[in-house]
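Let's take a friendly walk through a protein structure, one topic at a time. Have the sequence and the 3D view ready as you read.

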Amino acid sequence: MKSKFSSIIKKSLDSVADLVFKHQILIFIGETETYIAAYRGSKIMGTMSITTSQYKVDDYSSFLQKYKKYTAVIIVDRSDIQINHAAIPIAQSLIPTDHINKFIQKTLQPTDIVASTIFDITNNEGSEVWHTTLISTPETQLLMEWASYIASNLAHLKGVYFFPFSAPDIVNGLALTSKTKINSSLKIFVTITSYSGIRLVLCHKKKVMENHVIPFPVNKSLEYIQGVIEQAVSDCVISLKNYIHHNQERPSLILLVNKELEALLKQSKFDVLETLIFHTKNNDQFSDQTISSFLNKRIKHKASNDDLRSFNRTVWFNALLFKPLWLALILLGVKLTQNELSVVANNNNISKLNIRYYSASEKYRQQRELYPYIDHFSSVLDFHDAQIALTAPQKLPFDFLNQFLNKLPSNFTVHKIHWDIASGNQTTIVDAKYVALSSDTSFAKAALYRVLIDLDKIFTDYSITPTIDMSKALSQVGRVSIPIKLTIKER
Amino acid sequence: MLKPQIIHLKNVIVFKMVVVLLLGGFFFWMMPRTQDSLDDSKKRLELATYELNAISEKVTFVKNNSGTVAATYGEYAAALKNPFDVSCLEKEALIQQLDAIAAQFHLRTQPNMEIAPIPSMEKFNNNDNVQVMTSDLTIKFPAQGFMHALSFTKAAYNILPTYSLLASIDIEASTVITPLVLDELSTTKKPQLIDCKLDVEIREIKASNS
């Protein structure tokens with residue numbers, strides 16, 4: 001009984017959570033594996049990974065069946081993605097132009113999936129230049145299979161994204177979470193993921209400079225992994241020599257690893273400004289969950305190509321147009337059904353009333369036989385009914401009006417009284433003038449309101465509504481006269 | 001690679017559109033018909049309820065008031081013999097009675113009375129043999145003050161026929177001095193500067209034997 005009750009509570013809480021939180025599935029297409037993490041709000045609901053070379057998208061069906069209403073996000077984290085930097089000169093034009101898209105169309109294949117970000121805008125002698133990072137990947141079969149699968153089986157494809165663009169946000173997020181300050185704007189971010197291996201991303205502020213994927217050395221000692229990381233960082237720093245010399249800024253190294261590797265890496269010597277080491281969630285060997293939880297919260301720089309854009313437009317049109325139409329049809333259907341049910345219910349009631357009518361008619365016939373001398377028995381009874389109806393006592397105004405006129409103070413001069421009874425409700429309208437022995441209009445008005453309050457207290461069964469037009473109040477020597485209209489109704 | 005999906009989605013949109021149009025058209029075609037049918041069933045239900053109540057009231061009345069039936073029959077028979085001209089005579093008597101009361105209340109002039117019968121008669125309980133005839137009676141008279149006007153109104157109402165219904169009273173201080181008022185000015189009594197109007201519905205039950 002107790003377990004049944006707790007399961008009902010759990011289901012109710014889950015239903016509420018389903019309504020409140022966003023539901024998202026992050027699909028990381030990596031170098032060696034594809035890793036999937038399903039989130040409800042910030043809570044991870046399930047994960048799965050399969051080696052890339054061995055699987056087809058359908059292998060995920062049984063896992064994804066549980067998350068059919070989730071929005072899917074594809075994150076590409078492979079070595080075959082291309083990072084390009086471009087300085088796009090912006091020609092001033094009256095016609096608004098999408099300069100970046102134009103540049104992409106000129107320089108890349110139309111099938112390439114591209115994401116871009118502007119990391120700097122310079123203005124030299126009136127000519128504006130946008131410094132842009134473009135990350136692109138060819139339209140691989142695996143990627144398109146995923147997009148196609150999501151379109152057919154999940155709620156919605158939010159978009160395709162590239163991991164390197166998210167690296168600066170992850171680094172900032174890690175620093176923010178542990179309240180650590182990163183002193184250099186040049187950052188080398190190193191972590192280990194199950195799906196891509198050792199990941200190294202070099203970025204300067206928003207600019208993603210380099211992206212390296214180093215295969216994870218399976219069945220090797222931690223010291224070996226430490227060595228690989230040291231080598232990768234060292235290569236990166238060497239490649240940065242000119243950049244460091246030019247900008248006079250040494251890089252910060254940010255590592256996201258487990259505690260065992262941290263202990264070893266603390267002993268390593270890197271030629272950097274500072275080394276900051278952060279832990280993976282639950283001290284996991286791989287940072288998959290840590291990264292996915294960051295990207296679940298915020299992911300930027302959606303990638304696209306013509307097919308994806310056209311696909312998104314169609315999905316958007318499909319979702320937006322039909323929801324209100326279905327709703328309108330459902331409402332119409334409900335109204336029609338309600339009408340038909342009411343007709344059936346009315347017909348049933350009529351049948352029941354008819355049965356009772358026949359029974360009453362039979363009694364009436366028997367009673368009528370008791371008065372054989374009355375020809376028009378029904379008319380006689382209706383005549384009696386008419387007498388009863390017409391002699392119903394009427395509400396008369398005499399007592400009330402008498403009392404009202406008697407209770408009205410002597411400084412009221414009544415001009416007109418109208419009384420009528422419409423729909424059984426008595427209404428009395430009294431037109432009068434109130435005269436106050438004062439030259440102060442506001443004093444006279446206050447005195448008038450006091451009289452009205454007194455009248456209200458006397459005639460509790462009536463509501464007295466005054467209409468006072470102070471613009472018509474007349475102030476003479478030592479007297480103020482205020483015209484007033486009282487509408488009196490029975491409560 | 002996504003092209004088949006896009007084509008599929010477009011096909012789905014067209015299919016949905018056709019379904020929406022067909023369903024919407026059908027619903028809009030059905031809506032006035034179901035509404036008419038509902039209104040008709042409501043009216044029939046109301047009629048059935050009314051008829052059942054009417055006959056049930058009659059059954060209950062006859063069961064509980066066996067003596068009254070005979071008395072009512074007497075009144076009905078009398079009403080059958082009461083032609084319209086007799087009714088007019090009753091109105092004549094009413095006018096005389098009102099004049100007498102006006103004299104008692106020392107009104108400056110006799111009350112001005114108008115009786116206008118409303119031509120259409122209302123069938124009672126949908127019965128052609130029992131009809132209610134209504135006349136509008138308007139009484140206008142001058143009075144010395146508001147209380148004086150109210151007293152006369154009350155006295156006049158008390159002598160009205162049984163089924164009379166007081167509809168409205170208007171009492172207003174005169175705003176103009178007429179020659180009649182000037183004639184009346186005297187040092188011995190108050191002038192009657194209040195105009196009063198009384199509207200009454202006089203209702204009569206007419207019986208016929210058709």
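## Chain B at a glance

Of the 210 residues of chain B, what percentage count as buried? The value is 38%. Please keep in mind that this is a predicted model.

Chain B has five helices and five strands. Starting at the N terminus, you will meet its elements in the order α-α-α-β-β-β-α-β-α-β. If you take the contacts in chain B between residues at least 6 apart in sequence, 72% of them join residues at least 24 apart. About 12000 Å² of chain B is exposed, with carbon and sulfur atoms supplying 60% of that area.

## Two nonpolar cores

In soluble globular proteins, nonpolar side chains tend to be buried together. Here, the largest nonpolar core has 64 residues. Among those with the most contacts inside this core are Ile25(A), Ile75(A) and Trp146(A). Try finding Ile75(A) in the view: apart from neighbours within four places in sequence, its contacts include Leu26(A), Phe28(A), Tyr161(A), Phe163(A) and Ile299(A).

A second, separate core has 55 residues. Its members include Phe398(A) and Ala447(A), along with Phe146(B) and Cys196(B). Cys196(B) is buried, at a relative accessible area of 4%.

## Two threonines to compare

Is Thr133(A) buried or exposed? Thr133(A) has a relative accessible area of 0%, so this residue is buried. You can find Thr133(A) in strand β7 of chain A, which covers residues 127-137. Setting aside neighbours within four places in sequence, Thr133(A) is in contact with residues including Ile83(A), His85(A), Thr117(A), Phe165(A) and Val208(A).

Now look at Thr111(A), in the loop of chain A between α3 (99-107) and β6 (113-124). Thr111(A) counts as partly exposed because its relative accessibility is 42%. Not counting residues up to four places away in sequence, Thr111(A) touches Glu139(A) and Asn305(A). Thr111(A) and Glu139(A) are 28 residues apart along the chain, yet their C-alpha atoms are separated by 5.9 Å.

## Looking for disulfides

How many disulfides does a search of the whole structure find? Over all chains, the search finds zero.

Why does Cys236(A) have no bond to the closest cysteine sulfur? That closest sulfur belongs to Cys203(A) and lies 9.9 Å from the sulfur of Cys236(A), so the two are too far apart for a bond. Cys236(A) also counts as buried, at 2% relative accessibility.

Methods. Residues numbered from 1 in each chain as written. Chains lettered and ligands numbered in written order. Predicted model: local features only at pLDDT ≥ 70, side-chain atom pairs only at ≥ 80, totals over all residues. Heavy atoms only, no water. Core = buried A, V, L, I, M, F, W, Y, C linked by side-chain atoms within 4.5 Å. Buried < 20%, exposed > 50% of the residue type's maximum accessible area, 1.4 Å probe, protein only. Contact = heavy atoms within 4.5 Å. Helix = DSSP H or I, 4+ residues; strand = E, 2+ residues; numbered from the N terminus. Areas by Shrake-Rupley, 256 points an atom, 1.4 Å probe, with all protein chains shown as cover. Disulfide = S-S within 2.5 Å.
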